[in-house]
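User: Hi! Could you walk me through a few features of this one?
Analyst: Happy to, here it is.
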Amino acid sequence: MQFFGSKRKKLILAGDQRVASYPHSLQFYLQPPSENISLIEFETLAIDRLKLLKIVENLGVSYVKGSEQYQSKLEIEIRRLKFSYRESSDDEFEARRRDHISHFILRLAYCQSEDLRRWLIQQEMDLFRFRFSILPPDTVQGFLKDSHLQFETISKEEKALHSQDILDSSMPLGGNKYELEAVYKVPFADALDLFRGRKVYLERGFAFVPHQDIVSIILNDFRAKLSKALALTARSLPSVQSDERLQPLLNHLSHSYVGQDYNTQGNMGKISLDQLDSLAMKSFPLCMRQLHKALREHHHLRHGGRMQYGLFLKGIGLTLEQALQFWKLEFIKGKVDTDKFDKGYAYNIRHSYGKEGKRTDYTPFSCMKIILTNPPSQGDYHGCPFRHSDPELLKQRLQSSKVSQTGINQILDYVKGTHYQLACQKFFDLTHNIEDGMFSLNHPNQYFLESQKLLSGGREVRKEPSQPEVPQAKQSVQKTSNSTSSPPASLDSTLEMDMEGLEGYFSE
């Protein structure tokens, strides 16, 4: 990884060269980019791709993949974010360039854990499947060749000879559609998934795969290549992280989110301590109900719980004075005397409000931060119940919140699919008796505010655009009381990144 000052290698290509660089609207990402980009563009491209992949995830849960609604909504979002999607567009060079570079940036950010790798692979596969589904039939062979996939189409004579066998073995395929579709002759070992599902005709070690089913084989190859590439990138990651300007960007890409920080609220001081028990039952998300209940029962929380719950309370309007009073009254009911609280715990509370140390004004944790960082251990009560709780324990907590058995099953289905925020949103819908999809939940304090709007008879819950939980530049550093309007050092526009220097991190 190299950085430069004023010199920057511009990638200026003639028309034919531009087409040759990205001949198709989709690719296997076999070669990493080799041009220079600024750190600002580096982060912008990564954020835009994260937005796209989060949208891909949400649409995949809300609609049947491949359905007309799914296809049309995803195409709209891809166009809005200016990524490539159509093969026949007049000039898609810039969109395809953005797609290429942003994919490799996310490899760096999302190779750091098994959960992150699994999430990235699934969303990239769904995006690839969509793009392949709208690829014109006359360009498929060219794409396969450019991707080093040797799947030959059978001749018209051979197709006619095996027509009945192929029609009987494949998914429902009308005679007219069969006449128009290409049929590929694929080695048996490459079609194992279709074979297991009894969806393919086999003869002499080859599978005869109609065009509608070839995507299954191509996706398996795409998954295998991306999985291996992420493993190789993970091995090289320490070298990338040694650069102090790049390492914070990569960490925030996978752990931060864009949206309201819920730090400075207009209702600061309007919530009394006497209201907390009632609010916890009606308007707290399950993670905060869990922390509030544990604090009331045990009169103590470990550091992770105090940080998560304390910043949440700060976000809903508790002043510093109220916070000190609340925690002190609770802790002295346990094993902490007044002197110990004043000398230790009180300092930490003032610190979280930006009154001690570096005067950092800490913001409440987002859903993504709670899910992905600092998992709870034995004796802890922080974290996300949908992510970190045993299924049986989660079921008991849902029952105690008076969620119906049907609702519990719906929530547990989301949890099994690792859609933890959607599980929490379903919990909101069920406990507030509202329709699905009234807003897109990304933050515990957002949960509280939307609940209060409903319960207080205020304006209807506004329908927010499905903005994904992804990082933004201003979240790269915590705000301090003496901060200025100048950008953080990691986003200095005079710095340039040599993408060519990244090549070694994506291959052996």
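User: Cool. In which handedness does α13 pass α14?
Analyst: The crossing of α13 with α14 is left-handed (the near helix is turned anticlockwise from the far one by less than a right angle; clockwise would be right-handed). Before going on: this is a predicted model, with pLDDT of at least 70 needed for local features and 80 or more for side-chain atom pairs, while totals for chains, interfaces and linings use all residues. Residues are numbered from 1 along each chain as its sequence is written, and side-chain values use heavy atoms, leaving out hydrogens and water.
User: Thanks! At what angle do helix α13 and α14 pack?
Analyst: About 145 degrees, with the axes 9 Å apart. Axes are lines fitted to C-alpha atoms, for helices over the stretch in contact, and angles run from 0 to 180 degrees between N-to-C directions. Helices are DSSP runs (H or I, at least four residues) numbered from the N terminus.
User: And which residues make that contact?
Analyst: With contact meaning heavy atoms within 4.5 Å, α13 brings Leu 276, Asp 277, Ala 280, Met 281 and Lys 282, and α14 brings Arg 289, His 292 and Arg 296.
User: How does α14 sit against α15?
Analyst: Their axes are 10 Å apart at an angle of about 115 degrees, so α14 and α15 are roughly perpendicular (the class for 65 to 115 degrees). This crossing is left-handed too. On the α14 side, Cys 287, Met 288, Leu 291, His 292 and Leu 295 touch Gly 305, Gln 308, Tyr 309 and Phe 312 of α15.
User: Cys 287, is there any annotation that covers it?Analyst: The unreviewed UniProt entry has a "binding site" annotation on Cys 287, Cys 367, Cys 384 and Cys 424. Such positions are given in the numbering used here, feature names are shortened, and annotations may be inferred rather than shown by experiment. The four are spread over 138 residues of sequence but cluster in space, with a largest C-alpha distance of 9.8 Å.
User: Switching topic: how do the axes of helix α2 and helix α4 cross?
Analyst: They cross at roughly 85 degrees and come within 8 Å, which makes α2 roughly perpendicular to α4. Residues meeting there include Phe 42 and Leu 45 in α2, and Ile 101 and Ile 105 in α4.

Technical notes: Helices (H or I, at least four residues) and strands (E, at least two) are DSSP runs, numbered from the N terminus. Angles under 35 degrees count as roughly parallel, over 145 as roughly antiparallel, 65 to 115 as roughly perpendicular and the rest as oblique.
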